[in-house]
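User: I would like a close look at a single part of this model. Please describe how that part is built and packed, and then set it in the context of the rest of the chain.

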Amino acid sequence: MPNSDHTSKQFDTDLEDIRSRVLQMGGLVESQIMSAIEGLSTGKEELINRVIETEPRVNSAEKEIDDACVHVVARRQPAAGDLRLIMGVSKIVTDLERVGDEAEKIARMARQIYSRGAITIPRTIDVRQTGDKAAMMLRSVLDAMARLDTVEAEKIIADDKLIDTGFRAIMRQLITYMMEDPRTISTALDIVWVAKAIERVGDHAKNIAEQVIYIVRGTDVRHTSPEAALAAESKS
């Protein structure tokens with residue numbers, strides 16, 4: 001019996017360590033995306049460089065967490081909720097790594113824009129607002145994961161529509177801007193890539209929220225509307 005208790009406590013410690021690593025990685029990625037958006041808005045080179053230089057740390061964190069998950073599965077053979085946690089974490093860290101990729105993309109686009117001498121970026125206010133919303137989604141979903149809060153996760157899934165709407169508005173504005181002044185085409189096209197990267201950050205935050213629901217409830221709500229997912233949950 002003492003051996004069993006020891007094994008159980010060690011298993012709980014392993015799982016908590018994995019969760020802690022994921023949240024640390026999430027904090028790193030959140031800092032990346034916020035710095036990237038600020039760098040785009042201000043042109044501050046130190047912010048842009050910081051985002052790009054942080055990317056290898058994010059990649060390493062993903063691999064380390066994946067390795068930890070594999071080792072726990074091999075040693076502990078988890079079942080039920082514990083297995084869902086490990087499976088969910090494995091997918092969450094992939095989404096976090098891809099958010100890091102999008103942040104790096106924004107930073108590189110910002111560097112390109114400012115190196116061209118294009119100090120006035122078309123429609124930066126709308127881009128900044130949409131970027132801030134995406135960063136807030138990421139922060140909220142990390143909080144939801146830390147608390148295993150499915151109600152908050154459901155709100156985040158619904159909020160992804162706001163990011164999509166913002167992206168479409170930016171696209172319309174940029175098309176108008178390019179038509180009115182063809183000299184802005186190069187910079188406007190760079191902003192298109194930035195806006196798409198921000199939209200993808202929202203998608204990844206939504207994916208993480210879906211995994212939080214899966215971890216807690218065992219319900220796979222991917223590719224399901226929020227309304228349908230809620231209806232399915234009420235029937236279960």
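Analyst: Helices H2 and H3 are roughly antiparallel to each other, because their axes pack at an angle of about 170° and angles over 145 degrees fall in that class (under 35 is roughly parallel, 65 to 115 roughly perpendicular, the rest oblique). The two axes are 9 Å apart; each axis is a line fitted to C-alpha atoms over the stretch in contact, and angles run from 0 to 180 degrees between N-to-C directions. The contact of H2 with H3 comprises 15 nonpolar, five polar and eight charged residues. In this scheme Ala, Val, Leu, Ile, Met, Phe, Trp, Tyr, Cys and Pro are nonpolar, Asp, Glu, Lys and Arg are charged, and the others, Gly among them, are polar.

The model is predicted: local features need pLDDT of at least 70, side-chain atom pairs count only at pLDDT 80 or more, and totals for chains, interfaces and linings use all residues. Residues are numbered from 1 along each chain as its sequence is written, and side-chain values use heavy atoms, with hydrogens and water left out.

H2 spans residues 45-76 and contains 32 residues. From its first C-alpha to its last H2 reaches 47 Å, close to the 46 Å expected at 1.5 Å a residue, where the expected span is 1.5 Å times one less than the number of residues. H2 has a kink of about 30° at glutamate 55, shortly before proline 56; the bend is the angle between axes fitted to the seven residues ending there and the seven starting there. H3 (80-115) has 36 residues and reaches 53 Å, close to an expected 52 Å.

Between H2 and H3 lies a loop that includes glutamine 77. Glutamine 77 comes just after H2 and has a positive phi of about 50° although it is not a glycine. At 66% relative accessibility glutamine 77 counts as exposed (exposed is over 50%, buried under 20%, partly exposed in between, with a 1.4 Å probe and protein chains only). At the other end of H3, glycine 117 follows just after the helix with a positive phi of about 85°.

Leucine 148, in the loop between H4 (124-147) and H5, is another residue other than glycine with a positive phi, in this case near 50°. Leucine 148 is partly exposed, at a relative accessible area of 33%.

A second helix pair follows along the chain. The axes of H5 (residues 150-180) and H6 (residues 185-217) come within 9 Å and cross at roughly 170°. That makes H5 roughly antiparallel to H6. By class, 21 nonpolar, two polar and nine charged residues form this contact. H6 has 33 residues and reaches 48 Å, close to the 48 Å expected. Just after H6, glycine 218 takes a positive phi of about 75°.

Within H6, valine 201 is buried, with a relative accessible area of 0%. Leaving aside residues up to four places away in sequence, valine 201 touches Ile33, Val99, Glu102 and Ala134, a contact being heavy atoms within 4.5 Å. Valine 201 also lies 7.7 Å from leucine 138, C-alpha to C-alpha, although 63 residues separate them in sequence. Glutamine 211 is likewise placed in H6 and counts as buried at 5% relative accessibility. With residues up to four places away again not counted, glutamine 211 touches Gly88, Lys91, Ile92 and Arg222.

Serine 35 belongs to H1 (residues 2-42) and is buried, with a relative accessible area of 8%. Outside residues up to four places away in sequence, serine 35 touches Leu47, Arg50 and Val51. The C-alpha atoms of serine 35 and isoleucine 106 are 9.7 Å apart, across 71 residues of sequence.

For the protein chain overall, the secondary structure comes to seven helices and zero strands, in the order α-α-α-α-α-α-α from the N terminus on. These elements are DSSP runs numbered from the N terminus: helices are H or I of at least four residues, strands E of at least two. Buried residues make up 45% of the 236 residues. Among contacts between residues at least 6 apart in sequence, 83% join residues at least 24 apart.
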